[in-house]
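Got the model open in your viewer? Turn on the cartoon, keep the selection box handy, and follow along one stop at a time.

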Amino acid sequence: MFGRSLRKLKSCPLLLLLVFSLLCSLSTARAQDRLDTIRQRGELIIATDATYPPFEFREKEQILGFDVEIGNEIGRELGVKVRWLNLEWSGVLGSLESGKCDLVMAGVTITEERKKKGYLFSRPYFLSGQTIARRKGDTRIQKGSDLKGYRVSVQMQTTGQFAAERMGVPKDRLSKFDVLQDGLMDVRNGKSDALVADLPALKEILRKNFSELELIGGLITEENVGIVAWRSSITLMSGVNHALEKIIVDGRYAAIYNKWIGERLTTRVIGGLDKARKAGSDVPEWLNSAGKTTPESGTKMAPPSASALSIRWDVIREALPAMGHGAKVTLKITFLTLLFGIPGGLLVALGRISRFPFLRWIMVAYIEVVRGTPLLMQIYVIYFVLPALKIDFQPEAAGVLALSLNAAAYIAEIFRAGIESIDTGQMEAARSLGMDYLGGMRWVVLPQTFRRVLPPLTNEAIALLKDSSLVSVVAVAELMREGKEIATNSGSATTVYLAIAAIYLMLTLPLTYLARQLEIRWQPISQPRRRSLWSRKGA
Amino acid sequence: MPILEITKLTKSFGALEVLKGVSLNVEEGEVVAVIGTSGSGKSTLLRCINRLESPTGGRVVFEGSEVTAQSVNRVRREVGMVFQRFNLFPHLTALQNVTLAPLKVVGTDREQANRDGMVFLEQVQLAAKAHNYPGELSGGQQQRVAIARALALRPKLLLFDEPTSALDPELVGEVLAVLRQLAKEGRTMIIATHEMGFAREVAHRVIFLDEGVICEEGHPEQVFTQPREERTRAFLARVLNR
């Protein structure tokens with residue numbers, strides 16, 4: 001059949017030509033340089049994560065900061081307007097690969113690892129370094145090497161995390177948060193002892209919001225901050241480098257620096273910047289000076305550009321152990337939540353339909369509050385707010401508790417609907433046989449209810465398995481979190497996310513299958529001909 | 001002493017007064033048929049005896065002690081009930097339906113309960129269907145299982161709430177046959193029914209309930225052939241289609 005359709009294609013040269021020309025136009029679009037594309041569209045798109053003052057942060061619907069003003073000046077030099085794309089950090093670098101943005105400016109440190117993954121860096125435009133935040137007066141932590149004895153928070157996949165790892169902090173003592181501020185809260189609440197991050201950002205955030213914390217004096221690493229592009233954007237990067245040089249020389253850089261960093265720009269800093277020039281990616285000199293000649297072997301330095309839809313098996317292979325660990329954590333959390341949530345939901349449902357108005361009222365309030373507020377908020381409250389009342393949970397316990405409380409409310413309504421759908425004659429028959437209310441529930445009404453609510457309960461369990469990804473905000477390393485982490489610096493976020501999706505599917509399908517088997521086993525009446533292996537008929 | 005004494009029983013649902021003072025004594029071994037139009041209060045009267053409805057006023061005394069909210073679970077073990085719509089437990093087999101109460105309420109051991117259960121199913125001629133689920137049985141078979149279930153606690157009084165009204169006409173006979181057999185064994189029964197021929201044949205006493213009061217009671221021959229009350233006559237004329 002396949003052969004025949006191929007022959008058909010051959011007999012249709014016009015179609016073939018059409019496909020061919022389409023492919024050609026696609027590949028020329030790829031080959032065309034990014035800088036030309038940007039000039040044509042008149043807009044330079046820069047992705048950032050605006051939770052990082054003074055580099056970038058949001059104020060009254062606007063993104064402000066050091067990076068933003070530098071970026072806007074670069075746009076002016078290139079003759080285009082700049083559009084800022086505000087993303088969560090885990091998605092920022094990935095948006096380069098998928099072509100959603102042209103550049104990333106998010107206080108990104110230039111590292112060899114990132115360069116190897118296919119990211120192209122500009123010359124450094126800021127000299128930075130990692131430092132440590134601790135609770136005020138906590139003198140146990142003085143320098144980098146002190147960290148390894150303590151619980152340390154970081155923003156995931158930042159050079160802060162890498163520095164903490166280099167200092168020997170073990171994996172199980174390292175809490176990785178999506179947002180730097182959550183990590184600082186963790187330190188303030190005493191769950192972590194220290195946080196590692198960029199000095200300027202930490203200084204600014206502590207000044208504004210965390211008077212209980214302080215920095216150790218000095219840096220534990222020195223770093224160069226650069227602008228990032230995808231590896232094929234060589235001419236764009238040389239344009240960026242030109243623009244940076246010009247901005248630094250003509251004094252605009254100094255003005256911006258003074259305004260946001262809060263110190264005077266000294267010649268020493270400029271000297272440092274110039275000395276670190278080599279830290280950026282190696283953009284060929286002939287491009288930096290001449291500009292427009294076409295290179296013959298311009299791709300020699302970077303592997304050929306992968307399209308956003310190609311699967312990188314090497315990335316998957318490398319990420320498999322971490323994803324497996326994440327899947328285990330996700331399963332564990334889901335299992336524990338169902339273990340508490342189903343009996344909990346049943347109790348709430350029984351309270352909800354009980355004869356005692358007070359009990360009914362409490363249960364209604366519980367259900368409404370839980371259903372009416374976002375799960376994310378509930379997780380936050382249990383992990384970050386309850387410690388203020390001296391109720392303290394470890395991340396996983398907090399996650400399971402929040403999910404269980406949440407699931408119980410939804411499951412309660414499923415059970416209530418199930419119980420109320422059972423004919424009242426069933427309870428009457430049970431009571432006419434001398435059973436009390438609880439006995440009638442236990443032996444007659446609930447067994448029938450379980451059979452009836454199995455499909456919606458399965459729904460809830462599957463939704464729960466996926467919702468469990470929300471507990472990653474309190475640094476639980478479940479599947480989605482591991483995926484995000486890998487995707488952040490992998491060079492192929494597409495591959496990672498597709499792999500994660502496949503793993504979720506592999507987790508949910510067996511759940512569906514099990515529920516279906518249970519349903520068949522439990523439905524002796526309506527499906528007499530579809531008995532499962534476990535059927536008790538003929539016993 | 002009568003096994004059951006009902007005195008000035010009243011029951012209202014909101015503004016609707018369904019029973020308006022019913023008094024009735026039932027002797028041991030007696031079969032009482034309760035007849036009357038739909039809505040005359042037959043079901044409510046039966047359900048007030050084992051307190052599936054709590055009476056608004058009056059007294060129900062079973063074996064010399066009053067049936068109250070506190071004593072009701074004990075009374076219910078001695079008073080079996082069969083419902084118009086069977087109310088079998090659909091998730092259990094016929095045998096499990098019969099043995100559930102002995103197992104969970106009385107605490108009989110499983111082997112004994114199963115042996116007894118088979119005897120009760122034998123009695124309603126359904127031993128062969130012991131391991132079938134209610135969904136696999138006909139209406140008549142289901143009602144016979146329900147009777148076996150009511151017998152399983154060896155009750156001293158049996159209440160039948162229109163046991164054949166939900167059945168297809170061709171299935172009525174098999175259920176009535178079982179009732180006839182029970183009457184012959186000398187069981188004490190109160191049967192709310194629309195089967196006039198059956199009531200006349202089996203009952204020792206017939207009670208005609210009309211608008212919440214006992215309009216007429218007496219021996220079946222007397223009530224059916226020479227009713228004293230005009231309302232009884234009109235009712236019988238209607239249902240006997242003459």
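**Stop 1: where the chains meet**

Start by selecting both sides of the interface: 24 residues of chain B are in contact with 23 residues of chain A, contact meaning heavy atoms within 4.5 Å. Before you go on, keep in mind that this is a predicted model, where local features need pLDDT of at least 70, side-chain atom pairs count only at pLDDT 80 or more, and totals for chains, interfaces and linings use all residues. Residues are numbered from 1 along each chain as its sequence is written, chains are lettered from A and ligands numbered from 1 in the order in which they are written, and side-chain values use heavy atoms, with hydrogens and water left out.

How much area do chain B and chain A bury between them? About 2,200 Å², with 61% of it on carbon and sulfur atoms; buried area is the accessible area (1.4 Å probe) that two parts lose on being put together, summed over both. Now show B:F89, B:H91 and B:Y133 as sticks: they supply 26% of the area that chain B buries against chain A, more than any other three residues.

Next, pick A:E428 and B:R47. They form a salt bridge, with the closest N and O atoms 2.5 Å apart. The rule here asks for a side-chain nitrogen of Lys or Arg within 4 Å of a carboxyl oxygen of Asp or Glu, and it finds one such bridge across this interface.

There are also four residue pairs in polar contact across the interface, both residues being at pLDDT 80 or more. A polar contact is a pair of N or O atoms within 3.5 Å; within protein, one must be able to donate a hydrogen and the other to accept it, and residues adjacent in sequence count only if both atoms are side-chain atoms.

Color chain B by element and look at α2 (72-78), β6 (79-82) and α3 (94-106), the elements that give two or more residues to the side touching chain A. Helices (H or I, at least four residues) and strands (E, at least two) are DSSP runs, numbered from the N terminus. The largest share of that side, four residues, comes from α3(B).

**Stop 2: odd backbone spots**

Stay on chain B and select B:F86, in the loop between β6 and α3. Its phi is positive, about 65 degrees, although it is not a glycine. Is B:F86 buried or exposed? Buried, with a relative accessible area of 11%; buried means under 20%, exposed over 50%, and partly exposed in between (1.4 Å probe, protein chains only).

Then jump to B:Q125, in the loop between α4 (110-123) and α5 (139-151) of chain B. Phi of B:Q125 is near 60 degrees, again a positive value in a residue other than glycine, but B:Q125 is exposed, at 64% relative accessible area.

Over in chain A, zoom in on A:P53 and A:P54, which are joined by a cis peptide bond with omega about 0 degrees. A:P54 sits in the loop between β2 (51-52) and β3 (56-59).

**Stop 3: inside chain A**

Zoom out to see chain A whole: 22 helices and 14 strands, with buried residues making up 50% of its 539 residues.

Now select A:S153, in strand β9 (residues 152-155). A:S153 is buried, with a relative accessible area of 0%. Its side chain and that of A:S192 are joined by a polar contact of 2.7 Å. Beyond its neighbours within four places in sequence, A:S153 is in contact with residues including A:F177, A:D186 and A:L195.

**Stop 4: charged pairs**

Over all chains the count comes to 52 salt bridges. Try A:R252 and A:E77 (2.8 Å, N to O): A:R252 lies in helix α12 (residues 252-261) and A:E77 in helix α4 (residues 66-78), so the pair ties together parts that are 175 residues apart in sequence. Add A:E73, A:R76, A:K246 and A:D250 to your selection, and you have the salt-bridge network that links them with A:E77 and A:R252.

Finish with A:K208 and A:E204, a salt bridge at 3.9 Å, N to O. Both lie in helix α10 (residues 199-209), four residues apart, about one turn of the helix. A:K208 is partly exposed at 40% relative accessible area, whereas A:E204 is buried at 15%.
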